[in-house]
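Please look at the model below before reading on, and keep it in view while the text leads you from one helix to its partners.

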Amino acid sequence: IIPNYIQATSNCIVNGAVYRVCCVNECEVLLDDIERSVAAATARPEALLAVVGNLSHASVDDEPPAIDEALRAQLRQISETHGGAVPIHGRLFAQ
């Protein structure tokens, strides 16, 4: 199912009768880095903030991402809803 989703037409910018031009979702690369660092389905907000604060990617500026207080509060709220841990594959974290 996952390969079908990744190669879905909705992820492509040009669809022809014979070919497609598809782009990689840059968020997937960042999520892969988070998954490798966390190595679990859930993580505490502090752990996620530490990992995200150290992320760097070629398509993103060389500076670490700025995480404002509103995003930190949202992450804490997600963790409170899920018993103190944030599901990294959940819809709320993806947003």
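**Following one helix outwards**

The buried residues of helix H4 pack against three elements, namely helix H3 (45–53), strand S4 (86–87) and helix H5 (91–94). Helices (H or I, at least four residues) and strands (E, at least two) are DSSP runs, numbered from the N terminus, and a residue counts as buried under 20% relative accessible area, as exposed over 50% and as partly exposed in between, with a 1.4 Å probe and protein chains only. This is a predicted model, in which local features need pLDDT of at least 70 and side-chain atom pairs count only at pLDDT 80 or more, while totals for chains, interfaces and linings use all residues. Residues are numbered from 1 along each chain as its sequence is written, and side-chain values use heavy atoms, with hydrogens and water left out.

The protein as a whole has five helices and four strands, which follow one another from the N terminus in the order α-β-β-α-β-α-α-β-α. Of its 95 residues, 23% count as buried. Among the contacts with a separation of 6 or more, where contact means heavy atoms within 4.5 Å, 43% come from residues 24 or more positions apart.

H4 itself covers residues 69–81, and its 13 residues reach 18 Å from the first C-alpha to the last, close to the 18 Å expected at 1.5 Å a residue; the expected span is 1.5 Å times one less than the number of residues. Which residues of H4 are buried? They are Leu-75, Ile-78 and Ser-79, and because they cover an arc of only 100° around the axis, they lie on the same side of H4. The arc is that of the directions from the helix axis to the C-beta atoms. An α-helix has 3.6 residues a turn, so residues three or four places apart point the same way. On the other side of H4, Ala-70, Gln-77, Glu-80 and Thr-81 are exposed. Just after the helix, Gly-83 takes a positive phi of about 70°.

Ser-79 deserves a second look, as this residue of H4 is buried with a relative accessible area of 5%. Leaving aside neighbours within four places in sequence, Ser-79 is in contact with Pro-45, Gly-84, Ala-85 and Val-86.

Two packed helices are described by the angle between their axes and the distance between the axes. H3 and H4 pack at an angle of about 140°, with their axes 10 Å apart, where axes are lines fitted to C-alpha atoms, for helices over the stretch in contact, and angles run from 0 to 180 degrees between N-to-C directions. That angle makes H3 oblique to H4, since angles under 35 degrees count as roughly parallel, over 145 as roughly antiparallel, 65 to 115 as roughly perpendicular and the rest as oblique. The contact is made by Pro-45, Leu-48 and Leu-49 of H3 and by Arg-72, Leu-75, Arg-76 and Ser-79 of H4.

H3 also meets helix H2 (residues 26–38), and the axes of H2 and H3 come within 10 Å and cross at roughly 125°, so that H2 and H3 are oblique to each other. Here the contact is made by Ile-34, Ser-37 and Val-38 of H2 and by Leu-48, Val-51 and Val-52 of H3.

In the loop between H2 and strand S3 (42–43) lies Ala-39, whose phi is near 55°, a positive value in a residue other than glycine. Ala-39 is exposed, with a relative accessible area of 64%.
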